[in-house]
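I opened my notebook to a fresh page for this one. Here is what I looked up, entry by entry.

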Amino acid sequence: MDAEHANAPRGPVAVPLGATVTSAAASQLGAVRATGGRVTGEPRRETPRDPGGVRATGAPREGGLLDRFGRVATDLRVSVIDKCNLRCTYCMPADGMPWLPQSQLMSADEIRRIVRVAVRSLGAEELRLTGGEPLVRKDLEHIIAGIRADNPDLPISMTTNAVGLDLRAQALKDAGLTRLNVSLDTLHPETFAELTRRPHLDKVLAGLRAARAAGLGPIKINAVLLRGINDTEVVPLVDWAVSNGFEMRFIEDMPLDGDRSWSATNVIPARDIRAAIEEAFTLSPDPRGRGAAPAERWEVRRTGETALAGHVGIISSVTEPFCAACSRTRVTADGRIRSCLFSHEETDLLTALRDGADDEGLAQIWRDAMWAKPRAHGSDRVGLARADFVQPERTMSAIGG
Ligand code: SAM
Ligand code: SF4
């Protein structure tokens, strides 16, 4: 028995071997979620186990993060903080969000432990740190150095708005950060100020210069296109990015905003983004393929030229979903596992860790959570523009995009 369950009242629950837990069976488990994770503040109970190689839930008892649809999650995204220093209109309300209290945030050591479990016990192959804005955490270098010490070969990337990166890029690189995604939706200072509600374009550009000088790479630029705001900047952004050696990535606007004002009609669809790029460039499918990556990748050449100018990726979660190939597992800044960006369920890993669970106990909670991963977009039906789609309670910045 793992430490997590050492003091738990015992009691078998009759769920057939290999079956997915039904709502009736779940209610027999009392305060324990069907996934095996415990909701904070509820009493600890035994999670049912069967003698074979699977849990009563149907989840495997060993190996990696397999789900009911045969996907295996090897791509770990960890949010290190929910706070941010910008207020992008598609992400956060102007007044920010109710931030997590410090006591609920994972400490550097807790993040390190969770990543170690994911890599050593569950086969995670790459890590992305995100937020909120990771640079808001003063101990970010310490967090990365700890993870790097445990995992010398792990690719560690970070998604950031790059505000303040100019002062920290070298230290982050020295700590063990490898790759970088920088969010930048526009090259115009006024549009930047309108879109992020902060006048910091210069700081982002300074951060990018410092990142390149520090040898961080590859560097990808993420842009969300908004109708009537920056949708005329497709070609200038691609031109600027490839001229500077960055890969440009366009992300369709998703219903994860704090203002809850997302509308399908405002989304610039991937096919329109491709058409806009082709006004000045020729696109051909990237021979490296897509794998489980969220972005469909393209090689870009200036029209009439044969030389490769660079690469572009398009993340089309709304109009061309890629859920069937999803390999992601997410942990929020307060240590909750989210099997899908759009999930309505979370599994509390941090409380189990703080209560003394051993590595195998944590790994099993994680396997159970991922086993229950929905097929697509937080449900077993695909489509963000569906009439019955319900936006999850947490927004992008609170989940960790
Ligand atoms: N603050 C960092 C940043 O902006 O890069 C990291 C966190 S941010 C939530 C991660 C990514 O999510 C960014 O590239 C951002 O553009 C994207 N994002 C935020 N809200 C979004 C939305 N509603 N739809 C699509 N992408 C969104
Ligand atoms: Fe902050 Fe990133 Fe959200 Fe913009 S997208 S408000 S930078 S978390």
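**Strand 11 and its neighbours**

I began with one residue pair: Phe-250 stands opposite Ile-314 in strand 11. A reminder to myself that this is a predicted model.

Next I looked up the strands behind that pair. Strand 8 (residues 247–251) runs parallel to strand 11, and the two pair over four bridges. Strand 10 also pairs with strand 11, here in the antiparallel sense and over five bridges. One bridge I noted joins Glu-299 to its partner His-311 in strand 11. Both senses are familiar: strands of a sheet pair through backbone hydrogen bonds, either parallel or antiparallel.

Is strand 11 buried or exposed? I found that six of the six residues of strand 11 (residues 310–315) are buried, so the strand is largely enclosed by the rest of the structure. I then checked the faces separately. Gly-310, Val-312 and Ile-314 are buried on one side, and His-311, Gly-313 and Ile-315 are buried on the other. That split fits the general rule that in a regular strand the side chains alternate between the two faces of the sheet.

**The whole sheet**

I followed the pairing outwards and found an open sheet of 12 strands, with mixed pairing and the order 9-10-11-8-7-6-5-4-3-12-13-14. Its edges are strand 9 (281–285) and strand 14 (347–348), each of which pairs on one side only. Strand 9 is joined to strand 10 (residues 296–302) by five bridges in the antiparallel sense, and Leu-283 has Val-300 in strand 10 as its bridge partner.

I also looked at what lies across the sheet. Helix 3 (residues 140–150) lies across strand 3 (75–81), strand 4 and strand 5, at about 155° to strand 5.

**The core**

The largest nonpolar core has 98 residues, and I noted Val-115, Val-238, Leu-349, Leu-362 and Trp-366 as those touching the most other members. Helix 10 (residues 359–371) gives this core its largest share, seven residues.

**The two ligands**

Which residues come nearest to ligand 1? Of the 20 around it, I listed Cys-91, Ser-183, Asn-222, Met-254 and Gly-401. Strand 4 (126–131), strand 5 (156–160), strand 7 (219–224) and helix 11 (396–399) each give two or more residues to this shell. By class, I have eight nonpolar, nine polar and three charged residues around ligand 1.

For ligand 2 I wrote down surrounding residues including Cys-84, Cys-88, Cys-91 and Ser-183. The shell around ligand 2 has five nonpolar, five polar and two charged residues.

Conventions
Residues numbered from 1 in each chain as written. Chains lettered and ligands numbered in written order. Predicted model: local features only at pLDDT ≥ 70, side-chain atom pairs only at ≥ 80, totals over all residues. Near = placed C-beta within 6 Å. Nonpolar A, V, L, I, M, F, W, Y, C, P; charged D, E, K, R; others polar. Core = buried A, V, L, I, M, F, W, Y, C linked by C-beta atoms within 7 Å. Buried ≥ 20, exposed ≤ 12 C-beta atoms within 10 Å, placed from the backbone. Pairing = 2+ DSSP bridges. Contact = placed C-beta atoms within 7 Å. Axes fitted to C-alpha atoms, helices over the stretch in contact; angles between N-to-C directions.
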